[in-house]
Amino acid sequence: MQREGRLPPGQSLTHKFPVLHNGPVPPFDPVTWDFRIYGQVQAEVRWSWDEFQDLPRTRITIDLHCVTRWSKFDTGWEGVSVKTLIELGYLQPAPAARHVIQHAEHGYTANLPLEIVLQENFLLATHYEGQPIPADHGFPVRGVIGHIAGRDDLVTPYLWKGAKWLRALEFTSQDRKGYWEKAGYHNQADVWKEERFG
């Protein structure tokens, strides 16, 4: 059932969670897996899988909006908030940092302005609806971005702006188009403005 004001233009509500990605599901080895944050930061950080699990956890409930025109309401995610990591001193962006490039398996990248990465609706997610994210949805870590109901102050890009099988965040002073942006998708991708293609 459509809820007033929550379904962006051109979208259709689904109760399923369609699987869309480029390339095969990569293998995961917890012994060799690591997560890196580098670039325009005061000090580079690198966490093993065990260390990543020990970082502060955040839970959010968001509406997902895919550029392929499906939306799914009230999805529950748990993971690591970049905003929280900065607030608690786990990392510190350099003064020149303005953008964040998500680096994932298979060389996939997704770009976002730093101010959106620091919003409450962006998460380095490890769990979906109380369970580890299924492999075809991005296990062990995926960037996830969506709309928090009632929070019209937050920018909401389409779901492709969160990368599956995430391995690193690169803080940069200049924007750099990601995989889909290079293929002609819109760089900002605001769901409410239907910014699907550039």
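**Backbone oddities and two cores**

Hi everyone, let's start at His106, which sits in the loop between β6 (99-104) and β7 (109-113). Keep in mind throughout that this is a predicted model.

So what is the phi of His106? It is near 65 degrees, a positive value in a residue that isn't glycine. As background, most residues other than glycine have a negative phi, and most peptide bonds are trans. Is His106 buried or exposed? Neither label fits: its relative accessibility is 48%, so His106 counts as partly exposed, that class running from 20% to 50%.

Glu194 is another one to look at, in the segment after α4 (179-182). Its phi is near 50 degrees, again positive in a residue other than glycine. Glu194 counts as partly exposed too, because its relative accessibility is 34%.

Now for a peptide bond. Going from Phe139 to Pro140, the bond is cis, with omega near 15 degrees. You'll find Pro140 in the loop between β9 (131-132) and β10 (142-145).

Let's move inside. How many residues does the largest nonpolar core have? There are 36, and the ones with the most contacts inside it are Phe35, Ile37, Trp47, Phe52, Leu124, Leu169 and Phe171. Take Leu124 from that list: leaving aside residues up to four places away in sequence, Leu124 touches Phe35, Phe52, Gly79, Val80, Val82, Val141, Arg142, Leu166 and Leu169. Apart from that largest core lies another, made up of 15 residues, including Ile62, Cys66, Leu123 and Ile133.

That's my tour, thanks for listening!

Terms used
Residues are numbered from 1 along each chain as its sequence is written. This is a predicted model: local features need pLDDT of at least 70, side-chain atom pairs count only at pLDDT 80 or more; totals for chains, interfaces and linings use all residues. Side-chain values use heavy atoms; hydrogens and water are left out. Helices (H or I, at least four residues) and strands (E, at least two) are DSSP runs, numbered from the N terminus. Buried means under 20% relative accessible area, exposed over 50%, partly exposed in between (1.4 Å probe, protein chains only). A nonpolar core is a set of buried Ala, Val, Leu, Ile, Met, Phe, Trp, Tyr and Cys residues joined through side-chain atoms within 4.5 Å. Contact means heavy atoms within 4.5 Å.
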